[in-house]
Amino acid sequence: VIAETDGEVDFYSSRGGPIQQASLDRELLLKHKIADTNIFSRKVRCLTFDSLIRESGLSAIDLLQIDAEGYDAKIIRMINFEKVKPFVIRFEHVHLAEEDVDNCMNLLATKGYKFWCERRDVIAVLDM
């Protein structure tokens, strides 16, 4: 899990039913009409984006796919574009506030990205 600090976080998930949903935000599961009694949590290891890059030994990223149920904007803000600059970043905007979507797109535009907007996702491609 990508987070703002290295360590552990509560990871919430639904139990039972045909669709498994999970998030770092318990409230998001409740908004998706998951009954309180069907939500469970467990501690999971988390890393900052920089720690993930360092531990994995990556020096370049072609595609960064983010589908973090409302946490997408926080992950984008964690990217150190001086260390790694993904060629394509695809993130889900449907669970983000309009202001967060605008801020993500403004940040990525300043880093040289162009955009395609889909119904649920934004695809940002580095303008070469």
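Biologist: In what sense do strands S6 and S7 pair?

Modeller: S6 and S7 run antiparallel, and their pairing spans five bridges. Strands pair when DSSP finds at least two bridges between them. Strands (E, at least two residues) and helices (H or I, at least four) are DSSP runs numbered from the N terminus. Please remember that this is a predicted model, in which local features need pLDDT of at least 70 and side-chain atom pairs count only at pLDDT 80 or more, while totals for chains, interfaces and linings use all residues. Residues are numbered from 1 along each chain as its sequence is written, and side-chain values use heavy atoms, leaving out hydrogens and water.

Biologist: What joins S6 to S7, and through how many residues?

Modeller: A hairpin does, with three residues making the connection. To see the pairing up close, find Trp116: its opposite residue in S7 is Ile123.

Biologist: How many salt bridges should I look for?

Modeller: Look for a side-chain nitrogen of Lys or Arg within 4 Å of a carboxyl oxygen of Asp or Glu. That rule gives eight salt bridges here. One of them joins Asp36 to Arg26, whose closest N and O atoms are 2.2 Å apart. Arg26 belongs to helix H1 (26–31), and Asp36 sits in the loop between H1 and strand S3 (39–46), so this salt bridge ties together parts that are 10 residues apart in sequence.

Biologist: How accessible are Asp36 and Arg26?

Modeller: Here we use relative accessible area (under 20% is buried, over 50% is exposed, and in between is partly exposed, with a 1.4 Å probe and protein chains only). Asp36 has 46%, which makes it partly exposed. Arg26 is partly exposed too, with 26%.

Biologist: Which residue does Asp121 meet in a salt bridge?

Modeller: Its partner is Arg90, at 3.0 Å from N to O. Asp121 lies in strand S7 (residues 121–126) and Arg90 in strand S5 (residues 88–92), so the pair links parts that are 31 residues apart in sequence. Asp121 is buried at 12% relative accessibility, whereas Arg90 is partly exposed at 25%. The story also includes Glu118: Arg90, Glu118 and Asp121 form a network of salt bridges.

Biologist: What does the side chain of Asp127 meet?

Modeller: Asp127 forms a salt bridge with Lys114, and here the N to O distance is 3.8 Å. Lys114 is in strand S6 (residues 113–117) and Asp127 in the segment after S7, so parts 13 residues apart in sequence are tied together. Asp127 is partly exposed, with a relative accessibility of 48%. Lys114 is also partly exposed, again at 48%.

Biologist: How many disulfides does a search of the whole structure find?

Modeller: A disulfide is a covalent bond between the sulfur atoms of two cysteines. The test is a pair of cysteine sulfur atoms within 2.5 Å. Searching the whole structure turns up zero. Take Cys104: its nearest cysteine sulfur belongs to Cys117, 12 Å away, and Cys104 is in no disulfide. Likewise, Cys117 is in no disulfide, as its nearest cysteine sulfur is that of Cys104.

Biologist: Are these cysteines buried or exposed?

Modeller: Try colouring them in your viewer. Cys104 is buried, with just 2% relative accessibility, while Cys117 is exposed, with a relative accessible area of 56%.
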